[in-house]
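Good morning, colleagues. Please have the sequence and the model in view while I take you through the fold, the loops and the cysteines.

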Amino acid sequence: MGALPVFRWRLAPDGYATRRQLRARGLRPGGQGVAAQLERPRRRREPLVAYLYRIDLAKPVRPMTPRRRAALAKANAARRVCPECRRDAGYVIPASLGTCVPCAYPDPDSPRSV
């Protein structure tokens with residue numbers, strides 16, 4: 001397999017799109033490999049890279065079924081439950097903390113009922 005074509009940032013020819021651009025059109029890569037890449041140069045660091053896929057080979061996004069929607073809702077709900085106090089935090093628990101904010105940074109002056 002040869003090297004991928006590399007284009008400068010914002011200078012990709014028509015017929016190529018990133019995953020996000022495909023999704024905005026209601027498409028998905030559909031099993032095709034990366035067709036090209038974009039590179040955005042940066043000072044004193046390696047360039048930013050975006051992978052491109054061919055639009056003509058892309059397939060329509062699969063429809064959301066009721067079972068998939070329920071599974072997604074269940075997974076998102078699990079990300080909101082604090083593993084320490086077992087309460088719904090009302091937001092997705094940050095991976096950097098691993099617990100809800102009150103559990104990560106307890107207030108020593110106020111008693112907390114668990």
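Strands S4 and S5 pair in the antiparallel sense, with six bridges between them. I should say at once that we are looking at a predicted model. S4 covers residues 36–42, and S5 covers residues 45–54. To place the register, take Glu-39, which stands opposite Val-49 in S5. Another pair to mark is Arg-40, whose bridge partner in S5 is Leu-48.

The two strands form a hairpin with two residues between them. Which residue in this hairpin takes a positive phi? The residue is Arg-44, with phi near 60 degrees. As a reminder, most residues other than glycine have a negative phi. Arg-44 is a residue other than glycine with a positive value, and its place is the loop between S4 and S5. Is Arg-44 buried or exposed? Its relative accessibility is 83%, and because the cut-off for exposed is over 50%, Arg-44 counts as exposed.

Let us now move outward from the hairpin to the rest of the sheet. S4 also pairs with strand S1, residues 6–8; these two strands run parallel and are joined by three bridges. Val-6, which lies in S1, stands opposite Gln-37 in S4. With a relative accessible area of 46%, Val-6 is partly exposed. For a sense of distance, the C-alpha atom of Val-6 is separated by 45 Å from that of Pro-83, a residue 77 positions away along the chain.

On the other partner, S5 pairs with S2 in the antiparallel sense over two bridges. S2 consists of residues 16–17. Tyr-16 stands opposite Arg-54 in S5, and Ala-17 has Tyr-53 in S5 as its bridge partner.

In what order do the strands of the sheet stand? The order is S1-S4-S5-S2, an open sheet of four strands with mixed pairing. S1 and S2 stand at the edges, and each has a single partner strand, so one side of each is left without a neighbour in the sheet.

The loop between these two edge strands, S1 and S2, holds Arg-10. Here again a residue other than glycine has a positive phi, in this case near 70 degrees. Arg-10 counts as exposed, at 75% relative accessibility.

I turn next to the largest pocket, which holds about 160 Å³ of space. Its lining comprises 14 residues, and those nearest the centre are Ala-12, Pro-13, Tyr-16, Ala-17 and Gln-21. Tyr-16 and Ala-17 are therefore familiar to us already, since S2 is made up of residues 16–17. By class, eight of the lining residues are nonpolar, three are polar and three are charged.

The last topic is the cysteines. How many disulfides does the model contain by the distance rule? The count is zero. Why does Cys-82 form no such bond? The closest cysteine sulfur to that of Cys-82 belongs to Cys-100 and is 3.6 Å away, which is too far for a bond, because a disulfide requires the two sulfur atoms to be within 2.5 Å. The sulfur of Cys-100, in turn, has its closest cysteine sulfur in Cys-103, at 3.4 Å, and that is also too far for a bond.

Are these cysteines buried or exposed? Cys-82 has 0% relative accessibility and counts as buried. Cys-100 is buried as well, with a relative accessible area of 5%. The cut-off for buried is under 20%.

Thr-99 is found in the loop between helix H2, residues 66–78, and helix H3, residues 101–104. Thr-99 counts as buried, at 11% relative accessibility. A polar atom of its side chain lies 3.4 Å from the backbone nitrogen of Ala-104.

To close, I would ask you to keep three points in mind. The sheet is open and mixed, in the order S1-S4-S5-S2. Arg-10 has a positive phi near 70 degrees, and Arg-44 has one near 60 degrees. Finally, the count of disulfides is zero, and both Cys-82 and Cys-100 are buried. Thank you for your attention.

Conventions. Residues numbered from 1 in each chain as written. Predicted model: local features only at pLDDT ≥ 70, side-chain atom pairs only at ≥ 80, totals over all residues. Heavy atoms only, no water. 1 Å grid on protein atoms, 1.4 Å probe; cavity = no way out; pocket = protein on both sides within 12 Å on 5 of 7 lines; lining within 4 Å. Points joined across faces, edges and corners; volume = space filled by probe spheres on them. Nonpolar A, V, L, I, M, F, W, Y, C, P; charged D, E, K, R; others polar. Pairing = 2+ DSSP bridges. Buried < 20%, exposed > 50% of the residue type's maximum accessible area, 1.4 Å probe, protein only. Polar contact = N/O pair within 3.5 Å; in protein donor to acceptor, adjacent residues only side chain to side chain.
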